[in-house]
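Please look over the sequence and the coordinates shown here before reading the report on surface, fold and confidence that follows.

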Amino acid sequence: MAFMVAGLVFGFALRRRRISFVPQVIILLVWVLLFLLGVEVGSNPRVVGSLGSLGVEALVLAVAGVLGSAVLCKIVFRKDGRQ
């Protein structure tokens, strides 16, 4: 929470300046976090071993969540006029 509050304070202080690189950094960090989540899940033998028993429903929910997040991020950034 402290990092979020620090970011809010920093953003408020610099609100009059156009910081053009921030959206690209955010997108890059989201992709890095998704990649690291995949690495973590793939390296867990219990998860990998039980993939067959998790079922199609879990796969559909995971794919829908990732795709939904990516699509909504794209829409938000497009509406914001930054992309």
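In this predicted model, a nonpolar patch with about 600 Å² of accessible area together is formed on the surface by I26, V30, W31, L34, L37, V41 and V66. Helix α2, which covers residues 22-42, is the element that gives the most to this nonpolar patch, contributing six residues.

Two positions of helix α2 can be examined individually, namely V30, which is found in that helix, and G38, which also has its place there. Because buried means under 20% relative accessible area and exposed means over 50%, the value of 37% makes V30 partly exposed, and the value of 41% puts G38 in the partly exposed class as well.

| Residue | Relative accessible area | Class |
|---|---|---|
| V30 | 37% | partly exposed |
| G38 | 41% | partly exposed |

G38 also serves as a reference point for a separation across the chain: its C-alpha atom lies 25 Å from that of V76, and the two residues are 38 residues apart along the chain.

As for the secondary structure, the protein chain holds four helices and zero strands, so that, read from the N terminus on, its elements run α-α-α-α. Helix α1 comprises the twelve residues 2-13, and at 1.5 Å a residue these should span 16 Å; the C-alpha atoms at the ends of the helix are 16 Å apart, and therefore the expected and the computed span agree. Helix α1 is also hardly covered, since the count of buried residues among its twelve residues is zero.

How does the radius of gyration of the protein chain stand against that of a compact globule of 83 residues? Such a globule would have a radius of gyration near 12 Å, whereas the protein chain has 17 Å. Along the principal axes, the C-alpha atoms of the protein chain fill a box of roughly 55 × 30 × 20 Å.

The accessibility of the whole chain can be set beside these dimensions. Buried residues make up 4% of the 83 residues, and the protein chain exposes about 7400 Å², of which carbon and sulfur atoms supply 74%.

Confidence remains to be considered for this model. The mean pLDDT of the protein chain is 87, with 95% of its residues reaching 70 or more. Confidence is highest in helix α2, at a mean of 93, and lowest in helix α3, which covers residues 45-49, at a mean of 84. The helix with the highest confidence, α2, is thus also the one that gives the most to the nonpolar patch.

Terms used:
Residues numbered from 1 in each chain as written. Predicted model: local features only at pLDDT ≥ 70, side-chain atom pairs only at ≥ 80, totals over all residues. Heavy atoms only, no water. Expected span 1.5 Å × (residues − 1). Buried < 20%, exposed > 50% of the residue type's maximum accessible area, 1.4 Å probe, protein only. Rg over C-alpha atoms; globule rule 2.2 N^0.38 Å. Areas by Shrake-Rupley, 256 points an atom, 1.4 Å probe, with all protein chains shown as cover. Patch = residues over 30% accessible without salt bridge, like charges linked within 9 Å, V, L, I, M, F, W, Y side chains within 5 Å. Salt bridge = Lys/Arg side-chain N within 4 Å of Asp/Glu carboxyl O. pLDDT = per-residue confidence, 0-100.
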